[in-house]
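Biologist: Please display the chain, and then let us examine its fold and its core by question and answer.

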Amino acid sequence: MFRHSRKTENRRGTEIVELAIAMPLLTVLVFGVLETCEVLFLKQSASVACYEAVRVAARPRGTATSARDRCQEILTQRRVNNATITIEPADLSELNRGDPITITIRAPIAGNRTTALVVSDSVQVIQTNTMVRE
């Protein structure tokens with residue numbers, strides 16, 4: 001027969017207090033890491049989409065519509081929601097060889113993550129790429 005000593009009973013109370021303090025900290029740490037990974041994935045997705053779109057726009061016969069379509073295709077494949085795409089200048093037909101084309105993507109964190117515990121909803125990922133017309 002096992003008998004509990006006073007020391008064992010005191011230790012049990014200490015373990016519960018330690019768990020009560022450590023568990024919320026570990027929970028915030030784990031979800032913080034997950035949200036940080038989601039933000040990094042969103043940033044990488046915007047970077048790839050922006051680069052590919054500006055490559056399409058920089059071609060001699062590239063149009064704003066074809067660049068926007070390519071960008072949206074990549075964002076859709078990567079499940080990026082609510083992104084805005086800005087192309088400057090808006091009309092690419094008047095550009096000459098060597099003229100700059102800039103594409104900017106803004107994607108809010110709010111619609112592109114699974115949890116909302118650590119990172120603020122007001123954060124946006126902004127990616128800009130510039131190339132010259134070929």
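The exchange below treats the overall form and then the nonpolar core.

Modeller: This is a predicted model, in which local features need pLDDT of at least 70 and side-chain atom pairs count only at pLDDT 80 or more, while totals for chains, interfaces and linings use all residues. Residues are numbered from 1 along each chain as its sequence is written, and side-chain values use heavy atoms, without hydrogens and water.

Biologist: Which pattern does the protein chain follow along the sequence?

Modeller: Helices (H or I, at least four residues) and strands (E, at least two) are DSSP runs, numbered from the N terminus. The chain has two helices and three strands. Read in sequence order, the pattern is α-α-β-β-β.

Biologist: What is the radius of gyration of the protein chain?

Modeller: This quantity is taken over C-alpha atoms, and the globule rule is 2.2 Å times the number of residues to the power 0.38. The C-alpha trace spans about 90 × 25 × 20 Å along its principal axes. The rule gives 14 Å for 134 residues, and the chain is more spread out than a compact globule because its radius of gyration is well over that, at 25 Å.

Biologist: Which element gives the most to the largest nonpolar core?

Modeller: Such a core is a set of buried (under 20% relative accessible area, 1.4 Å probe, protein chains only) Ala, Val, Leu, Ile, Met, Phe, Trp, Tyr and Cys residues joined through side-chain atoms within 4.5 Å. The largest has 23 residues. Helix H1 (6–58), helix H2 (64–77), strand E1 (84–88) and strand E2 (100–108) each supply at least two of its residues. With seven residues, the element that gives the most is H1.

How values were computed: Buried < 20%, exposed > 50% of the residue type's maximum accessible area, 1.4 Å probe, protein only.
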